[in-house]
Amino acid sequence: MEKDSFELAPGPARETGQCETTTRMATETTSPPLRELHHKYDASRFNALRHGVLSEHTVLPWEDEAEYEALLNALVEEYAPHGPTEEHLVEEIAGVIWRKGRLRLAEAASHRRGIEKATAPYSNTLDIALNQVERALPLGPIISTAKDLAELKRRNASLHHALEILSVAKPGAYETALAELDERTRTSWQEQLAPEPEETDDEDPDEDSEPYTADATGLAEYLERSVLPECEEQLTYVENRSVIRTQVLGEALDCDKLERLGRYEVQLDRKLERMLAMLLRLQDFRRSNKVG
């Protein structure tokens, strides 16, 4: 039995040596693929970080997860975390930056709600703004404002000229006044004319306003009662657009709510500073130990 054992021993020994030689040769001939495999391992490690516990609860269901992953990957590339502690700190930094972006969205939403409230039909923003400037302001540099202002002034002038023609009551005044009006006013006038007699049966008997007649009297009444006041109101608005905009933005500013958002942002900034300081200190400590 001892002889048999002695004779069998060299076989496995030779096989083991042969395996070691084969393994060493395979390693030498396939080292680039192994390095590539190691690189893929690093990528998978960052991939695991990207889907860590913190990340799962940082991105809300309606937010863009791919955008957060891009942020986290950029931070991983920048700081190259080593070990779970550094990876945790990088993920904390990504979460703080992500929440700061969400905070800016909340601030913008607060402004939009305030603007909607300030420009509501029942709001007196326009009256307040005009009382402050007394309808005497220089034009702003906005090109659209200058274009709108010029158009409204032309329309206002044509309305006054048409009313002058109608007031003289010369023959053909109705047709002459119509030709003086701009296309928009002529179109609205045609819509206001009295319907044909056969169409009057379906009218509401409780109608408060009588339809206008297609003559000089009806046109003058329509221009004075409806078109001219509307045009002058629009003209006043455009002349003071910049100040009205300032008034709207001022009323829309909810200081109490923005103060709460501001305090939260300060807390996030402080947390970001702490996380960065801890991460950099930990990385410096690791490098110094490695050198030593």
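Analyst: Let's start with a cut-off: an angle over 145 degrees between two helices counts as roughly antiparallel. Keep in mind that this is a predicted model.

User: Okay, so why are H6 and H13 called roughly antiparallel to each other?

Analyst: Helix H6 covers residues 83–118 and helix H13 covers residues 255–291, and the two pack at an angle of about 165°. The cut-off is 145 degrees and the angle is over it, so H6 and H13 count as roughly antiparallel. Their axes lie 9 Å apart, and the crossing is left-handed.

User: What classes of residues make up the contact of H6 with H13?

Analyst: You'll find 17 nonpolar, four polar and 12 charged residues there.

User: What makes H6 oblique to H12?

Analyst: The axes of H6 and helix H12 (residues 241–252) cross at roughly 120° and come within 8 Å. Roughly perpendicular runs from 65 to 115 and roughly antiparallel starts over 145, so an angle of roughly 120° falls into the rest, and H6 is oblique to H12. In this case H6 passes H12 in a right-handed crossing.

User: And why are H10 and H11 called oblique?

Analyst: It's a similar check. Helix H10 (residues 183–192) and helix H11 (residues 216–239) have axes that cross at roughly 130°. Because that angle is neither within 65 to 115 nor over 145, the label for H10 and H11 is oblique. The axes come within 11 Å, and H10 passes H11 in a right-handed crossing.

User: How do you know that Tyr68 and Trp98 form an aromatic pair, and what makes it edge-to-face?

Analyst: Ring centres have to lie within 6.5 Å, and those of Tyr68 and Trp98 are 5.5 Å apart, so they pair. Planes over 60 degrees apart count as edge-to-face, and these are at 80°, so that's the label. The count of aromatic pairs comes to four.

User: What does the pair of Tyr68 and Trp98 tie together?

Analyst: Tyr68 sits in helix H5 and Trp98 in helix H6, so the pair links parts that are 30 residues apart in sequence.

User: Which residues line the second largest pocket?

Analyst: Trp98 turns up again here, alongside Glu63, Asp64, Glu67, Leu71, Ile97, Gly101, Arg102 and Leu105. Helix H5 (65–79) and H6 are the elements that each give two or more residues to this lining, and H6 gives the most, with five. The pocket holds about 160 Å³ of space.

User: How do the residues of that lining divide?

Analyst: Four are nonpolar, one is polar and four are charged. Gly counts as polar, so Gly101 is the polar one.

Key
Residues numbered from 1 in each chain as written. Predicted model: local features only at pLDDT ≥ 70, side-chain atom pairs only at ≥ 80, totals over all residues. Heavy atoms only, no water. Axes fitted to C-alpha atoms, helices over the stretch in contact; angles between N-to-C directions. Helix = DSSP H or I, 4+ residues; strand = E, 2+ residues; numbered from the N terminus. Left-handed = near helix turned anticlockwise from the far one by under 90°. 1 Å grid on protein atoms, 1.4 Å probe; cavity = no way out; pocket = protein on both sides within 12 Å on 5 of 7 lines; lining within 4 Å. Points joined across faces, edges and corners; volume = space filled by probe spheres on them. Phe/Tyr/Trp six-rings, centres within 6.5 Å; stacked < 30°, edge-to-face > 60°.
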